[in-house]
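Please load the structure in your viewer and keep the selection tool at hand. The tour goes from stop to stop, saying what to select and what is found there.

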Amino acid sequence: MKERIGYYDIAKGLGIFLVVYTHICFNTSFHINEIIYTFYMPLFFVVSGMTFKLGETLKGYVVRNFYSIMIPYFVWSILSFIYWAGFENKFRSEAAKLAVDKAFCGIFVGSYYWLPFNYVLWFLPVLFIVKVLYGILERYLPKPGIVVAIIVCSVLGIKLMNVELVWGINRALRYVVFFAFGVLIKKIDFRKLKYKTVMWLLLFSFLTIACLRGYSMGIFYYILGVIGSVATIIIAADLEVHTRYIAGIMSKLGTITLGILVMHGPLYRALIGIISKMFCIDTGYLRRNVLFSLSLSMITILLIVYPTRIIYKHIPFCLGRKRGF
């Protein structure tokens with residue numbers, strides 16, 4: 001069995017923490033969220049590309065990914081919809097509302113704006129489309145053909161940025177670029193790089209300056225996504241080499257990213273509502289407080305860890321696994 005590469009999991013652990021934090025925090029004072037948005041989703045597609053393995057048949061590859069990605073999508077879409085339609089829909093703001101029958105159809109449409117019950121689930125159909133699309137390219141095209149196809153996808157992805165298609169196909173056209181980049185760099189062992197700390201500091205400095213100056217659209221969308229992803233992967237490799245405790249925590253989170261992804265939305269909203277009612281504090285104030293957002297992010301993740309382990313052990317198909325965790 002091929003050795004599991006630790007810093008891949010650490011990178012995913014860092015990424016999922018950023019996902020939870022940015023979903024909780026609305027603070028725009030220091031442009032932190034804006035900077036994180038440039039790379040935190042591309043990161044998952046880059047790392048996914050780094051673990052890409054087509055296998056013997058395209059059919060087997062598609063079936064395997066449907067089981068690990070789309071089965072969890074439908075399971076958690078249905079569960080989230082039931083909870084939202086029966087309870088949360090009565091308390092959420094108007095901006096988060098959609099007719100119940102239309103939201104139910106959203107389970108099968110799978111694009112962002114059709115998923116008010118759990119918006120983050122858009123990621124799963126997009127990941128599935130990206131992996132299948134790249135698998136088809138890898139199976140049937142030579143390397144120059146793949147390069148041309150990825151360039152075409154990158155252009156179409158930008159052109160369709162403000163369009164929502166079924167299963168997020170418009171988003172998949174963008175994210176397949178990052179997946180392909182991950183495949184390209186998969187043979188690099190980032191643990192062996194010299195001056196890792198200097199490298200990721202320089203990369204994030206460039207990313208921050210470019211983002212603050214407004215360079216985030218068009219070709220810069222891809223450039224900044226790649227820079228942020230590579231910087232995070234280098235941080236992950238740096239942590240694996242030079243730390244034990246932090247690397248261990250982030251690595252564990254990296255192995256349960258799917259559980260955190262599908263469960264954190266309803267949970268953190270419930271926690272914010274409870275805290276707001278108990279202490280008579282406006283929810284907007286709470287979500288603009290960086291310290292509160294960081295603390296709640298950690299609490300939310302901690303509350304998900306044990307249920308995720310139980311699911312992996314007893315009903316692993318709900319999270320795309322075939323064996324216990």
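The stops below cover pairs of packed helices, one kinked helix and a few loop residues in a predicted model.

**Stop 1: H3 and H10**

Two packed helices are described by the angle between their axes and the distance between the axes. Select residues 40-50, which are helix H3, together with residues 219-242, which are helix H10. Their axes cross at roughly 65° and come within 9 Å. H3 and H10 are therefore roughly perpendicular to each other. The crossing of H3 over H10 is right-handed. To see the contact, show the side chains of Pro42, Leu43, Val46, Val47 and Met50 in H3, then those of Ser229, Thr232 and Ile233 in H10, and mark Gly225 of H10 as well. Colour the residues of this contact by class: 6 are nonpolar, 3 are polar and none is charged.

**Stop 2: H3 and H6**

Keep H3 selected and add helix H6, residues 123-140. Here the axes cross at roughly 40° and come within 12 Å. The crossing of H3 and H6 is right-handed. Which residues of H3 meet H6? Met41, Phe44, Phe45 and Ser48 do, and their partners in H6 are Phe123, Val126, Leu127, Val130 and Lys131. Sorted by class, the contact of H3 with H6 has 7 nonpolar residues, 1 polar and 1 charged.

An α-helix has 3.6 residues a turn, so residues three or four places apart point the same way. Keep that spacing in mind when looking down a helix axis.

**Stop 3: H7 and H8**

Clear the view and select residues 143-159 for helix H7 and residues 169-185 for helix H8. The two pack at an angle of about 140°, and their axes are 7 Å apart. That angle makes H7 oblique to H8. H7 passes H8 in a left-handed crossing. On the H7 side, the contact is made by Ile150, Cys153, Ser154, Leu156, Gly157 and Ile158. On the H8 side, look for Asn170, Leu173, Arg174, Val176, Val177 and Ala180. The residues of the contact between H7 and H8 divide into 8 nonpolar, 3 polar and 1 charged.

**Stop 4: two loop residues**

Stay with H7 and H8, and pick Trp167 in the loop between them. The phi of Trp167 is positive, near 55°, in a residue other than glycine. Next, go to the loop between H8 and helix H9 (196-212), where Tyr195 lies. Tyr195 is not a glycine, yet its phi is positive, at about 55°.

**Stop 5: H12**

Select residues 257-279, helix H12. How far apart are its end C-alpha atoms? They are 31 Å apart, which agrees with the 33 Å that 23 residues should span at 1.5 Å a residue. Now centre on His264, where H12 has a kink of about 50°. The proline Pro266 comes shortly after the kink. Finish at Cys280, which follows H12 and has a positive phi near 55°.

Key
Residues are numbered from 1 along each chain as its sequence is written. This is a predicted model: local features need pLDDT of at least 70, side-chain atom pairs count only at pLDDT 80 or more; totals for chains, interfaces and linings use all residues. Side-chain values use heavy atoms; hydrogens and water are left out. Axes are lines fitted to C-alpha atoms, for helices over the stretch in contact, and angles run from 0 to 180 degrees between N-to-C directions. Helices (H or I, at least four residues) and strands (E, at least two) are DSSP runs, numbered from the N terminus. Angles under 35 degrees count as roughly parallel, over 145 as roughly antiparallel, 65 to 115 as roughly perpendicular and the rest as oblique. A crossing is left-handed if the near helix is turned anticlockwise from the far one by less than a right angle, and right-handed if clockwise. Contact means heavy atoms within 4.5 Å. Ala, Val, Leu, Ile, Met, Phe, Trp, Tyr, Cys and Pro count as nonpolar, Asp, Glu, Lys and Arg as charged, and the others, Gly among them, as polar. The expected span of a helix is 1.5 Å times one less than its number of residues. The bend at a residue is the angle between axes fitted to the seven residues ending there and the seven starting there.
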